[in-house]
Amino acid sequence: MKAHEAIQFQKAFLMPKYWGIWLGVGLLKLTSFLPYSLQFKIGRWLGRVIYLFAKQRRKIAFANMSRALPEFNRNEREQLIKENFESMGISFIEMGINWWGHHRKDFKNANERRYFRYKGLEHLKTAQVQTKGALLITPHFTHVDMTGLISSLITPVYPVYKPHKNALIDHLIIKGRTHGIDDQPCLPIDFKDTRRLVKSLREAKKIGYLPDQRYRGKGHLNVPFFGYDAKSHSATSKIAKMTGCAVILSFTRRKGLFYETEFLPALDNFPSGDDFADTLRLHQLYESEIRKNPSQYLWVHNRWDLTQQQIEQLNQEDLK
């Protein structure tokens, strides 16, 4: 199902198999009426609950952090992981802000703007003046949906997304990530729809792109990430080569109720002609930001494709 089809409500979404999802959406809707400070407290509480019950995800997070940040001792890592799960809990609150925030009624004068701070906007303006498209690269931090909203309030952004297997969840994700003025919404682009992606960039549009997760597909590259080979995709280099677009990294940091999004200068000499070197360069930029903001990165994703034995071993090493 394509994005423009998935965004349309279907009568099938009212079937009993979706009632559990609707219950969660309803609770989130009720939460959205509360003050932001209280919403975020609920989000942190939800994260603590997930931490208690998501044992396997907790183990993956600890194993990943053990590899990436060996300078922290076990107690420090455990504290960071608890904060990380709280951050994930807040991400559900952020979904509600995306779905029902004031920007849905008045995009141009959204009151959410009061919580957003920007750095490096001149780099976006430079790409705009050059009248070519731009890939806005955003790694998978827990507040990735808010990054989409924050960016969309200053420039139209078309996010690339991976369709969800559950039709209702897919519908909700697409609705939540579609921002912009009512008559000109920036409809998300299916990650397999290369034709639309390339066409959009050639039309000088901004594309929100998240290429940092594990990629096992044909042609993947094993590129070091925090010093360990990680299955990676070279699509960023290939797309930049095909379109001549600018490649701009953006990083968001949640600070209490506020957010700071920084846009780095467009990468020079990118693509370089060496997909491995290009991907390694991106990884190193991700690493630098993750070290600055470790509690908000998505550690529960099995980035290094670790086996269960490796996960258990990394969880036990500090206990020796």
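# A tour from helix α3 outward

Select residues 36–53, helix α3: at 1.5 Å a residue its 18 residues should span 26 Å, and the end C-alpha atoms are 26 Å apart, which agrees. The expected span of a helix here is 1.5 Å times one less than its number of residues. Helices (H or I, at least four residues) and strands (E, at least two) are DSSP runs, numbered from the N terminus.

This is a predicted model, in which local features need pLDDT of at least 70 and side-chain atom pairs count only at pLDDT 80 or more, while totals for chains, interfaces and linings use all residues. Residues are numbered from 1 along each chain as its sequence is written, and side-chain values use heavy atoms, with hydrogens and water left out.

**Stop 1: the two sides of α3**

Stay on α3 and colour Y36, Q39, F40, G43, G47 and Y51, which are its buried residues. Seen down the helix axis, these buried residues fall within an arc of 125°, so they line one face of α3. The arc is that of the directions from the helix axis to the C-beta atoms. Buried means under 20% relative accessible area, exposed over 50%, and partly exposed in between (1.4 Å probe, protein chains only). Now select K41, W45, L52 and F53: they are exposed, on the other side of α3.

To see what covers the buried residues, show α2 (19–31), α4 (55–68), α5 (74–100), β8 (246–255) and β9 (258–263), which are among the covering elements.

**Stop 2: the sheet**

Strands β8 and β9 lead into an open sheet of seven strands, in the order β1-β9-β8-β2-β5-β3-β4, with mixed pairing. At its edges stand β1 (116–119) and β4 (189–190), each with a single partner strand, so one side of each has no neighbour in the sheet. Two strands pair if DSSP finds at least two bridges between them. Strands of a sheet pair through backbone hydrogen bonds, either parallel or antiparallel.

Select residues 134–137 and 206–209 next. These are β2 and β5, paired in the parallel sense over four bridges. Within this pair, L136 has G208 of β5 as its bridge partner.

**Stop 3: the nonpolar cores**

Show F85, L135, I207, F225, L249, I290 and W299, the residues with the most contacts inside the largest nonpolar core, which has 47 residues. Helix α4 supplies the largest share of this core, six residues. A nonpolar core is a set of buried Ala, Val, Leu, Ile, Met, Phe, Trp, Tyr and Cys residues joined through side-chain atoms within 4.5 Å. Apart from the largest core lies another, of 21 residues, including F13, I90, W99 and L149.

Centre on L135. Not counting residues up to four places away in sequence, L135 touches L201, I207, Y209, T236, I239, C245, A246, V247 and I248. Contact means heavy atoms within 4.5 Å.

**Stop 4: R67 and N302**

Which helix holds R67? R67 is in α4, and at 17% relative accessibility it counts as buried. Beyond four places in sequence, R67 touches F226, Y228, W304, L306, Q310 and L314.

Go on to N302, in the loop between α11 (275–292) and α12 (308–316). N302 is buried, with a relative accessible area of 12%. Its contacts, again leaving out residues up to four places away in sequence, are I60, N64, R214 and I311. N302 and R214 are 88 residues apart along the chain, yet their C-alpha atoms are separated by 7.6 Å.

**Stop 5: backbone exceptions**

Most residues other than glycine have a negative phi, and most peptide bonds are trans. Three places to check follow.

- D305, also in the loop between α11 and α12, has a positive phi of about 55° although it is not a glycine; D305 is partly exposed, at 22% relative accessible area.
- A204, in the loop between α9 (194–202) and β5, has phi near 70°; A204 is partly exposed, at 25%.
- P271, in the loop between β9 and α11, follows F270 through a cis peptide bond with omega near 5°.

**Last stop: the whole chain**

Zoom out to the full chain, with 12 helices and nine strands. The C-alpha trace spans about 60 × 50 × 35 Å along its principal axes. Of the 320 residues, 49% count as buried. Among contacts with a separation of 6 or more, 76% join residues 24 or more positions apart.
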